[in-house]
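Trainee: I should like to learn how to read the features of a structural model in a systematic way. May we work through one example together?

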Amino acid sequence: MHVLVVGGAGYIGSHMVKLLVQRGFEVTVLDNLSTGHRDAVVEGAQFVLGDLFERDIMEEACRECRFDGVIHFASYIQVGESVREPAKYYRNNVFKTQNLLDVLVARRVNNFIFSSTAAIFGEPVRIPIDEEHPKLPINPYGRGKWMVEQILEDYDTAYGLKSVCLRYFNAAGADPEGQLGERHDPETHLIPLVLQAASGRQPHITVFGQDYDTPDGTCIRDYIHINDLCEAHLLALQRLWDGADSTVYNLGNGNGFSVQEVIETAHAVTGRDIPVHYGERRPGDPARLVADSRKAKAELAWEPRYADLATIIAHAWQWETRS
Ligand code: UFG
């Protein structure tokens with residue numbers, strides 16, 4: 001089987017490519033390297049430098065290879081930036097995705113896995129969040145992802161394009177073998193920033209808000225190991241290959257940890273002091289996001305292997321302290 005991984009040089013994409021190569025799949029990566037890293041694409045995968053605006057590059061790739069499935073990670077991911085620059089987000093995350101879908105439909109490439117997000121739900125009305133939870137995104141990032149989910153539904157009805165949308169909660173951790181990890185620039189995610197404060201690369205970690213309606217006043221999130229996420233992608237693709245219908249899954253561990261608990265766990269894992277500053281709330285942060293992933297577990301037989309927060313942080317620490 002030959003899988004096209006769009007955005008395969010990024011954080012989640014590069015871990016996905018490694019998993020596919022290890023499992024014996026043929027893999028082609030398409031990435032414009034705007035945020036990804038060429039050296040994050042493991043040996044054994046083919047690399048095509050290209051942007052989803054460049055229809056001819058995608059058409060050529062589809063002409064040369066018969067892809068059996070496509071996993072699409074290429075996306076901007078910063079909620080705050082999406083509020084300041086919605087044009088950038090809708091252009092990249094929605095319109096470029098539609099370009100890709102149009103080429104796939106024209107070239108009769110089927111079986112599409114889409115990186116969606118908990119941000120499509122907006123401020124939760126119930127916890128844990130299952131697939132049927134109302135979709136009321138509160139920023140352009142979440143709205144764009146929800147638009148693509150709806151486009152995919154229509155493309156299935158009209159053109160028969162089968163897809164699975166995977167709504168990640170907080171992707172975290174790193175390759176347990178230490179070869180890959182998170183390299184965002186700028187880094188905005190909690191766990192890498194906490195570990196940079198532990199290693200001395202950052203002077204401190206700023207906790208955004210201590211006055212939320214949670215037991216310790218800091219925001220609660222559901223952290224899910226990057227490898228567990230990648231396994232879910234592969235299971236979803238295999239399910240489409242087995243003839244299943246298009247669907248959606250929420251992916252998390254179902255356990256919420258506060259920002260304060262993440263810092264305490266990081267301290268225990270690293271044995272380092274972590275200087276903490278307390279700041280204002282970050283606009284657009286819901287108090288609590290926790291996934292109900294029972295559907296993925298039941299239908300995909302997906303079982304997270306690294307569900308423990310300390311393990312997730314230990315793998316990220318191994319990456320942070322690599323030489
Ligand atoms: N946080 C801090 N200090 C920091 C960074 C984060 O206190 O320096 C807090 C945030 O306020 C939040 C929690 O740590 O409560 C987690 O923040 P992240 O930025 O790591 O993750 P988010 O929950 O904001 O974002 C996740 C994904 C995004 C995605 C978003 C959609 O990582 O890519 O969910 O809901 F856009």
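Trainee: How far apart do the C-alpha centres of domain 1 and domain 2 lie?

Mentor: Before the distance, a word on the source: this is a predicted model, in which local features need pLDDT of at least 70 and side-chain atom pairs count only at pLDDT 80 or more, while totals for chains, interfaces and linings use all residues. Residues are numbered from 1 along each chain as its sequence is written, and side-chain values use heavy atoms, with hydrogens and water left out. Domain bounds come from an automatic or database domain assignment. Here the protein chain is divided into domain 1 (2–172 + 226–251) and domain 2 (190–221 + 254–320), and their C-alpha centres lie 24 Å apart. The contact between them, where contact means heavy atoms within 4.5 Å, takes 24 residues from domain 1 and 22 residues from domain 2.

Trainee: How many residues surround the ligand, and which are the closest?

Mentor: A residue is near a molecule or strand if one of its heavy atoms lies within 4 Å of it. In this model 20 residues surround the ligand, and Leu190, Thr206, Arg221, Arg282 and Asp285 are the closest. Each of domain 1 and domain 2 gives at least three residues to this shell. For the chemical classes, Ala, Val, Leu, Ile, Met, Phe, Trp, Tyr, Cys and Pro count as nonpolar, Asp, Glu, Lys and Arg as charged, and the others, Gly among them, as polar. On that scheme the shell divides into 12 nonpolar, five polar and three charged residues.

Trainee: Which polar atoms lie close to the ligand's own nitrogen and oxygen atoms?

Mentor: A polar contact is a pair of N or O atoms within 3.5 Å; within protein, one must be able to donate a hydrogen and the other to accept it, and residues adjacent in sequence count only if both atoms are side-chain atoms. A backbone N or O atom of threonine 206 lies 2.7 Å from a ligand nitrogen atom. An N or O atom in the side chain of histidine 189 is 2.9 Å from a ligand oxygen atom, and a polar backbone atom of threonine 188 is 3.4 Å from an oxygen atom of the ligand. The protein covers 91% of the 680 Å² of accessible area that the ligand has on its own; such areas come from the Shrake-Rupley method with a 1.4 Å probe, and for residues only the protein chains shown count as cover.

Trainee: Which element gives the largest share of the shell around the ligand?

Mentor: Helices (H or I, at least four residues) and strands (E, at least two) are DSSP runs, numbered from the N terminus. The largest share, four residues, comes from β8.

Trainee: Is serine 115 buried or exposed?

Mentor: Buried means under 20% relative accessible area, exposed over 50%, and partly exposed in between (1.4 Å probe, protein chains only). Serine 115, in strand β5 (residues 112–117), has a relative accessible area of 5% and is therefore buried. Its side chain forms a polar contact of 2.7 Å with the side chain of tyrosine 168, and one of its polar side-chain atoms lies 3.1 Å from the backbone oxygen of histidine 72.

Trainee: Where is threonine 214 found, and what does its side chain reach?

Mentor: Threonine 214 is in the loop between β8 and β9 (220–221), and it counts as buried because its relative accessibility is 10%. Its side chain reaches the backbone oxygen of threonine 218 at 2.7 Å, and a polar atom of that side chain lies 3.0 Å from the backbone nitrogen of glycine 217.

Trainee: Which polar contacts does the side chain of histidine 184 make?

Mentor: Histidine 184 lies in the loop between β7 (170–172) and α6. Its side chain is joined to that of glutamate 182 by a polar contact of 3.2 Å and to that of glutamate 187 by one of 3.4 Å.

Trainee: Which peptide bonds are cis, and which residues other than glycine have a positive phi?

Mentor: Most residues other than glycine have a negative phi, and most peptide bonds are trans. In this model a cis bond joins isoleucine 127 and proline 128, with omega about -5 degrees, and another runs from aspartate 185 to proline 186, with omega near 5 degrees. Leucine 33 has a positive phi of about 55 degrees, and phi of asparagine 111 is near 75 degrees.
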